[in-house]
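This report covers one protein chain. It goes from conventions to overall dimensions, then to single residues.

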Amino acid sequence: MKFVVKFFPEITIKSKSVRKQMTKILRANLRTLTRKQNISADVQDRWDSLVIEVNLSATEDIAMTHRHMVQILSHTPGIGYALEIDEHPFESLDQAYQLVREANRDVLEGKTFCVRVKRAGNHDFTSHDAEIYMGGGLLKETGAIGVSLKNPDVVVHAELRNDKVQVVKRRIPGLGGFPLGSQGDVLSLISGGFDSTVASYLLTRRGLKTHFCFFNLGGSAHEIGVKQVAHYLWSCYGESHRVKFVTIPFEEVVAEILTKVDNGHMGVVLKRMMMRAASQVADNLKLHALATGEAVAQVSSQTISNLAIIDRAAEHMVLRPLAAMDKQDIITIARRIGTETFAANMPEYCGVISVNPLTHGERSKTEAAEQAFDFTVLERALQRSSYQRIDRVLEETGSGLEDVALLTTPALSDEIIDIRHPDEAADAPLELANNPVRHIPFYELESRLRELDTSGQQRYLLYCHKGTMSKVHAHHVNQTHPGLFGVFMEKR
C-alpha cells in the first residue's frame, strides 16, 4: 500500500528553507499519526511530495489499515491531496499506458474522461504526448463515451518518475492549510457552540497548535459537552500534538457582574473578564495569542467599538478567524467538520446576562462600570482553574460515555451503522462478513431514528474512525431510547 502526499499549494511557494521546515514537520506528524494507529509505515521526503509506504506484512487487517490511512491523509493539516498508487518499473510509454488502462477500465465505463500525466526525468516524450497517447488508447479500448477536457466525469491520473510508473488508484482530498505545529501555539476560547468550534478548527488547519480554554457558566453538564466537542476536534484534526484543556469556573464572576454592573455594560464586561482570565492562562502555558469565535456584528458585544473595548482587557494578541464570516457559512463548515450536532445541542450561556446591551460602547464608561466589580472574585476563579491533557478529558467518570457498550466482535444479530461523512465512507468503505452495514451520516442520525427498530428488540452498533463521535451520539440517543446504540470498535 503506497501513497503520494502532495503539499497544500501555499507551502510550495514558500522559500526553500521554510518549505523544508514545513515538510519536516508534516513528515513527523504523519509518522506520529500512523504510529498511533499501529500502522507500520515509512514516510519519505521527495522535495515536491512525501511518499508513504505501508508495511502490510505487519498488519492483521488490510481493509482496516486502508480506512485508517484514508482518515489520516484526509484530516491532517498541510496536505493538499494524496494519491493512492501502484508503482511499477517503467519500460515504455505503451507499457505505462497498459497499466493505466487496466487500473481504470471499470471506472471509465459509460463516462467522459481526461488524462493528466506528470513526468520527471529523461524520456523521449513530453507529458502532453503521454496524455494524448493514453487518452486515445482509453477511448478505443474501454467503455468510455468520450474525452472532456473541461468537465470530465473521471480524471485519470498517472505519474512517470524516471524509471518508475505510478498508476493512481484514487485521489484523496486533503485538509489543506499548514502542518500542525508550524505556526506556533494559541489559546482558543471555546464555548462548544458553532462559532468557537469552527474557529478552533480553522486555527488548527492553519498550523496552529490549538489549546482550549472553557469558561464554565452552566455546571457539569455544560463542561462535559464542551469537553466532548473539544476532544472530537483534537482527535480528528490535531492528534499529532498534545494540547491542554483548561476549565475556569465562572459562575461567581457572572453573579458579581449581575449584582455590580449596570445592564447595558454586562455583556462587554463579561467578555473583558474572560480576556483577563485567558491572558493569565496563556501566560501560564507560555502562549503568545488568544483566539475567539467572534464575528463582526453577530451580537451586540461584537460590534467594532465593543470588540475594541474587549481587546483592551487582553494582554495578548487576539485572533478572530470568523471576523468577516456569515453565520450560515459558519454552520456549513460546522456540518462539514462534524461539530454541528454538538453545537446545536449546546446552550448559549453568554447571552443570558445581556439585558438591553449597548451596541456602541465607550471605553471610559465601560471601565467606570467595572469599578464596582470585586476582582478577587476573578482571582478565585483562576485559582480554581483545572488544567488537563486533551487526550484525558473523557476518561473521568460522570460524562456518561463510560456507560456506552463498546464491542470489537459484534453478535450476529447486531446491525452496524456507519455514521461517517458520506465522502469518508465512500473512500474507505466498511465491509463486514457477518453483519449488515447501514450508512446514516452522524448529522442525520437523530432525524432518521424512525427508520430503526426502537422497540428494544434490535441492537445497533455505531461506527466511526476512532469511536469518539459514535460514543457521543450513542450516549445522547440512549438517554431517550435506553440500550438502542452501542459502539463497534475495530481491533487494532
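Helices (H or I, at least four residues) and strands (E, at least two) are DSSP runs, numbered from the N terminus. By that rule, Arg-205 sits in helix 6 (residues 194-205). The model is predicted: local features need pLDDT of at least 70, side-chain atom pairs count only at pLDDT 80 or more, and totals for chains, interfaces and linings use all residues. Residues are numbered from 1 along each chain as its sequence is written, and side-chain values use heavy atoms, with hydrogens and water left out.

**Overall fold**

The chain carries 16 helices and 19 strands. Its C-alpha trace spans about 85 × 60 × 40 Å along the principal axes. The radius of gyration is 26 Å, which agrees with the value near 23 Å for a compact globule of 492 residues. That radius is taken over C-alpha atoms, and the globule rule is 2.2 Å times the number of residues to the power 0.38.

Of the 492 residues, 53% count as buried. Buried means under 20% relative accessible area, exposed means over 50%, and partly exposed lies in between (1.4 Å probe, protein chains only). The accessible surface comes to about 22100 Å², and carbon and sulfur atoms own 49% of it. Areas come from the Shrake-Rupley method with a 1.4 Å probe; for residues, only the protein chains shown count as cover.

Contacts are taken as heavy atoms within 4.5 Å. Among contacts between residues at least 6 apart in sequence, 78% join residues at least 24 apart.

Charges come next. The chain has 57 positive and 60 negative side chains, and the centres of the two sets lie 5 Å apart. Lys and Arg count as positive and Asp and Glu as negative; His and the chain ends are not counted. Each charge is placed at NZ of Lys, CZ of Arg, CG of Asp or CD of Glu.

**Cysteines**

How many disulfides does a search of the whole structure find? The count is 0. A disulfide is a pair of cysteine sulfur atoms within 2.5 Å. For Cys-236, the closest cysteine sulfur belongs to Cys-464 and is 7.6 Å away, so the two are too far apart for a bond. Cys-236 is buried at 15% relative accessible area. Cys-464 also counts as buried, at 10%.

**Positive phi in two loops**

Most residues other than glycine have a negative phi. Two residues here have a positive one. Trp-47 has phi near 70°. Its place is the loop between strand 2 (41-45) and strand 3 (49-54). Asn-162 has phi near 55°. That residue is in the loop between strand 7 (154-161) and strand 8 (164-176). Trp-47 is partly exposed at 42% relative accessibility, and Asn-162 is partly exposed at 49%.

**Gly-177 and Arg-205**

Gly-177 lies in the loop between strand 8 and strand 9 (185-189). Its relative accessible area is 0%, so Gly-177 is buried. Leaving out residues up to four places away in sequence, Gly-177 touches Phe-8, Ile-11, Gly-78 and Arg-205. Ala-130 is 47 residues from Gly-177 in sequence, and their C-alpha atoms are 32 Å apart.

Arg-205 is partly exposed, at 23% relative accessibility. With the sequence neighbours up to four places away left out, its contacts include Phe-8, Pro-77, Gly-177 and Phe-178. Phe-8 therefore appears in the contact lists of both Gly-177 and Arg-205. The C-alpha atoms of Arg-205 and Pro-179 are separated by 7.8 Å, with the two positions 26 residues apart along the chain.

**Two buried strand residues**

Val-5 and Leu-462 are set side by side here.

| Residue | Strand | Relative accessible area | C-alpha distance |
|---|---|---|---|
| Val-5 | strand 1 (residues 2-7) | 0% | 7.6 Å to Ile-52 |
| Leu-462 | strand 18 (residues 460-463) | 0% | 42 Å to Gly-146 |

Val-5 and Ile-52 are 47 residues apart along the chain. Beyond four places in sequence, Val-5 touches residues including Leu-30, Ile-52, Leu-73 and Tyr-81. Leu-462 and Gly-146 are 316 residues apart in sequence. Among the contacts of Leu-462, again beyond four places, are Ile-417, Leu-445, His-473 and Phe-488.
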